[in-house]
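The following report describes a protein model residue by residue and element by element. Please keep the sequence and the coordinates at hand while reading.

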Amino acid sequence: MMKKYYSLVTILFALLAMSFMAGDDTMTKEDGMFVVNTTTIGKDVEGYTSPTPLKVYIKKDKVEKIEFLKSQETPKYYIKVKKALQEKWNGLKVKDAKAQHVDVVTGATYSSEAVIKNVQLALDYYQSHK
């Protein structure tokens, strides 16, 4: 009787674990690239007014591009951040991108810091889940 109980508990635990994993869309594959979406893992990383989610595209262990997702940051300043930071990591190996020192944009410090933090989160997530 105990063996049946342990088997049932094991099966239930495995099903529960798989249900959590199935809904995780933090990292997907698209056109041969890993795409890390920081919407969930960076939900607490806020710029001046709101979170600054990104998608980081990685192919053959190199950053291909950074895509800025919808944010409630002040458009005037967020556009500056996007122009200044969007390509800072492109072409770098993940380990080099993680070590990259990127300066913040004057006048948009909080937004810049949030973007930099989200890139770091994405790169860390990629390395631990690839």
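Ala-97 lies in helix H4, which spans residues 94–99, in a model that is predicted. With a relative accessible area of 0%, Ala-97 is buried, because buried means a relative accessible area under 20%. Once its neighbours within four places in sequence are left aside, Ala-97 is in contact with Val-63, Trp-89, Leu-92, Gln-120 and Leu-123. One of these partners, Gln-120, is 23 residues away along the chain, and the C-alpha atoms of Ala-97 and Gln-120 are separated by 8.3 Å.

**Overall arrangement**

The protein contains five helices and four strands, and from the N terminus on its elements follow the order α-β-β-α-β-β-α-α-α. Of the 130 residues in the protein, 35% are buried. Among the contacts with a separation of 6 or more, 55% are accounted for by residues 24 or more positions apart.

**Strand pairing**

Strand S1 (27–30) pairs with S2 in the antiparallel sense over four bridges, and within this pairing Lys-29 stands opposite Phe-34 in S2. Strand S2, residues 33–37, in turn pairs with strand S3, residues 54–59, again in the antiparallel sense and over four bridges; here Val-35 stands opposite Tyr-57 in S3. S3 and S4 also run antiparallel and are joined by six bridges, with Lys-55 standing opposite Glu-67 in S4.

Two of these pairings are hairpins. S1 and S2 form a hairpin with two residues between them, and Asp-31 sits in the turn; the hairpin of S3 and S4 likewise has two residues between the strands, and there Lys-60 takes a positive phi near 50 degrees. Asp-31 has a positive phi of about 50 degrees although it is not a glycine, and Lys-60, which is not a glycine either, has a positive phi of about 50 degrees. The table sets out the location and accessibility of these two residues.

| Residue | Loop | Relative accessible area | Class |
|---|---|---|---|
| Asp-31 | between S1 and S2 | 67% | exposed |
| Lys-60 | between S3 and S4 | 77% | exposed |

Both residues are classed as exposed because their values, 67% for Asp-31 and 77% for Lys-60, lie over the 50% cut-off for that class.

**Lys-65 in strand S4**

Lys-65 has its place in strand S4. Is Lys-65 buried, partly exposed or exposed? Its relative accessibility is 40%, so Lys-65 counts as partly exposed, the class between the 20% and 50% cut-offs. Apart from neighbours within four places in sequence, Lys-65 is in contact with Lys-55, Val-56, Tyr-57 and Asn-90. Among these contacts of Lys-65 are Lys-55, the residue that stands opposite Glu-67 in S4, and Tyr-57, which stands opposite Val-35. The C-alpha atoms of Lys-65 and Lys-88, which are 23 residues apart along the chain, are separated by 9.1 Å.

**Ser-71 and the loop after strand S4**

Ser-71 is found in the loop that links strand S4 (62–68) to helix H3 (75–85). Ser-71 is buried, because its relative accessible area of 18% is under the 20% cut-off. The side chain of Ser-71 reaches the backbone nitrogen of Glu-73 at 3.2 Å. Beyond its neighbours within four places in sequence, Ser-71 is in contact with Ser-50, Pro-51, Thr-52 and Tyr-78, and Tyr-78 belongs to H3, where it also takes part in the meeting with H5.

**Packing of helices H3 and H5**

How do the axes of H3 and helix H5 cross, and within what distance do they come? The axes of H3 and H5, the latter comprising residues 109–129, come within 9 Å and cross at roughly 45 degrees. An angle of roughly 45 degrees is neither under 35 degrees nor in the range of 65 to 115 degrees, and H3 and H5 are therefore oblique to each other. The crossing of H3 and H5 is right-handed. On the side of H3, the residues Tyr-78, Val-81 and Leu-85 meet Ser-111, Ser-112, Val-115 and Ile-116 in H5. Tyr-78 thus connects two parts of this description, since it is listed both among the contacts of Ser-71 and among the residues of H3 that meet H5.

Definitions and conventions
Residues numbered from 1 in each chain as written. Predicted model: local features only at pLDDT ≥ 70, side-chain atom pairs only at ≥ 80, totals over all residues. Heavy atoms only, no water. Buried < 20%, exposed > 50% of the residue type's maximum accessible area, 1.4 Å probe, protein only. Polar contact = N/O pair within 3.5 Å; in protein donor to acceptor, adjacent residues only side chain to side chain. Contact = heavy atoms within 4.5 Å. Pairing = 2+ DSSP bridges. Axes fitted to C-alpha atoms, helices over the stretch in contact; angles between N-to-C directions. Parallel < 35°, antiparallel > 145°, perpendicular 65-115°, else oblique. Left-handed = near helix turned anticlockwise from the far one by under 90°.
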